[in-house]
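Reader: I should be grateful for a close look at one part of this structure, namely the packing of two helices against each other. Please set that part in the context of the whole chain.

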Amino acid sequence: MKTDNLWISQFCKRTAVILKSGMTVYDGLRLLAESADDESRALYKEISDSLMNGCNISDAIKITNRFPDYMVGNIRAAEKTGNLEKTFDSLADYYNRLDDMNNSIANSVKYPVFMSVMMFAIIGVVALKVLPLFSKIYMRLGAQANSAAVMIMTVSNYLSYAVFAIGGLFSALCLYVFIAVKTQNGRQRLLKIAGRISFTRNIMENIDISFLLRNVGMFLSAGIGLSEIPAEHGLSFLSPRISEKAIKLNDCFSKGDTMYTAVKECDILTPMEREIIRLSEMTGELKNTVSTMTDSYMKRAYEEIGNAVSLIEPVLISVFAAVIGAILICTILPLLSITVGML
C-alpha cells in the first residue's frame, strides 16, 4: 500500500532538514521515530534498518514498497551527484503541490454532486408523488372525457419517469465520482478519464506539462544534465497526448538535444515559451526558467478548474429549471383543457 502524497511531502521535507543539519539519515529517522505514530514509526525503523545494513537511501526507501517509483528514481539520480538535500526539498514541494491539486479537484466536485443529488430528489418527489395526485384530481374533474387532457397527462407521466431514471443514473455517477476522489487510486483513474474528455482535456494537459517541466527542473537542480535524465522515472501522465510527447522528449534528451530543440521537435510549450527556453539556455538560466514555467502551467490549470466549476453551476441550474418547467407545463395543460371543455 502506497503512502499518501501529503505524508510523502512531509517525509521528504524532514529528510531534507536532517541532511542540512549534518546528521546522518539513520540517526535522523531514529529520532523522528520517537515522536511518530505507530505506522510511521515502523516505516522509519524499516528504512533505518536497511541503511544500517549498508543500503543507500534510494534502495532503503524502495525496499519498503511504500513510496512511488518516481520519488525513488529522483533520489537515486541525486545520489550520483551528491545533491540529495535539494532533491528532497524539490520532492517535498512536488508532492505537496500534487496533494493540493488533488484536494482542489475533490473540492470542485462536491458542489456539482450536491446539486445533482438535490435535482434527482426533487424530480423524484414530483414524479412519484405530485403527478399521480394531479392525475387523480383530473380524473375526478372529468379528464377521461377529454382526449387531449388524457394525452397530455400521459406524456407528462412518461416524461417525469424518464427524467427520474436519467437523473438517478447521473446522480449515481456523481456519487461514484465523489467517493472515488477520496482515494488516491480513484483520483488517478478519474483524472486519466478526464484527460480523454474534450471538456477537461486542456486542464489535464496543463497539469501534465507542469509536472513534466517540474521533473526536468528537479533533475537540473540535482546537477543532472538533460542527456542523463533516466527514461523510466515513474512519472505518470493524465493525457495520452502528453504521455506520448514526454516519451519523445526523453528520446530527444538521450540524443543530446538541447531543451529548446527537444520541446520544439515534440511540439511542447507555445512558440514564445520555446524562445524563452532558448534564451535561458544561452544565459545559463534554464533551471530558473523551467521552474517559472512549471508554476505558470499549474496556475493556469487551477484557473481552468475554477472556470469549469463556475460553468457547471449555471448549466445544472438551467437543466433543472427546464425539466421542472416542462413537468409543470404538462401538469397545468390538462387543467386548461378540462376548463375549456366545460365552457
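Author: A residue is called buried when its relative accessible area is under 20%, exposed when that area is over 50%, and partly exposed in between. Ala321 has a relative accessible area of 47% and therefore counts as partly exposed. This residue belongs to helix α13, which covers residues 286-342. Its C-alpha atom is separated by 9.6 Å from that of Met119, although the two residues are 202 residues apart along the chain.

The model is a predicted one. Its chain holds 13 helices and zero strands. Of the 343 residues, 45% are buried. Among the contacts with a separation of 6 or more, 65% join residues that are 24 or more positions apart.

The requested part is the pair formed by helix α5 (residues 69-81) and helix α9 (residues 198-221). Two packed helices are described by the angle between their axes and the distance between the axes. For α5 and α9 the angle is about 25°, and the axes are 10 Å apart. Angles under 35 degrees count as roughly parallel, so α5 and α9 are roughly parallel to each other. Their crossing is right-handed. On the α5 side, the residues that meet α9 are Tyr70, Asn74 and Ala77; on the α9 side, their partners are Asn215, Met218 and Phe219. By class, the residues of this contact comprise four nonpolar, two polar and no charged.

The loop that leads from α4 (57-63) into α5 contains Asn65. Most residues other than glycine have a negative phi. Asn65 is not a glycine, yet its phi is positive, at about 55°.

A positive phi also occurs just after α11, where Asp267 takes a value of about 60°. Asp267 is likewise not a glycine, and it lies in the loop between α11 and α12 (271-283). With a relative accessible area of 45%, Asp267 is partly exposed.

Helix α11 itself spans residues 259-266, and its buried residues are Met259, Tyr260, Ala262, Val263 and Cys266. These residues lie on the same side of α11 because they cover an arc of only 165° around the axis.

In short, α5 and α9 are roughly parallel, with a right-handed crossing and no charged residues in their contact.

How values were computed
Residues numbered from 1 in each chain as written. Predicted model: local features only at pLDDT ≥ 70, side-chain atom pairs only at ≥ 80, totals over all residues. Heavy atoms only, no water. Buried < 20%, exposed > 50% of the residue type's maximum accessible area, 1.4 Å probe, protein only. Helix = DSSP H or I, 4+ residues; strand = E, 2+ residues; numbered from the N terminus. Arc of directions from axis to C-beta. Axes fitted to C-alpha atoms, helices over the stretch in contact; angles between N-to-C directions. Parallel < 35°, antiparallel > 145°, perpendicular 65-115°, else oblique. Left-handed = near helix turned anticlockwise from the far one by under 90°. Contact = heavy atoms within 4.5 Å. Nonpolar A, V, L, I, M, F, W, Y, C, P; charged D, E, K, R; others polar.
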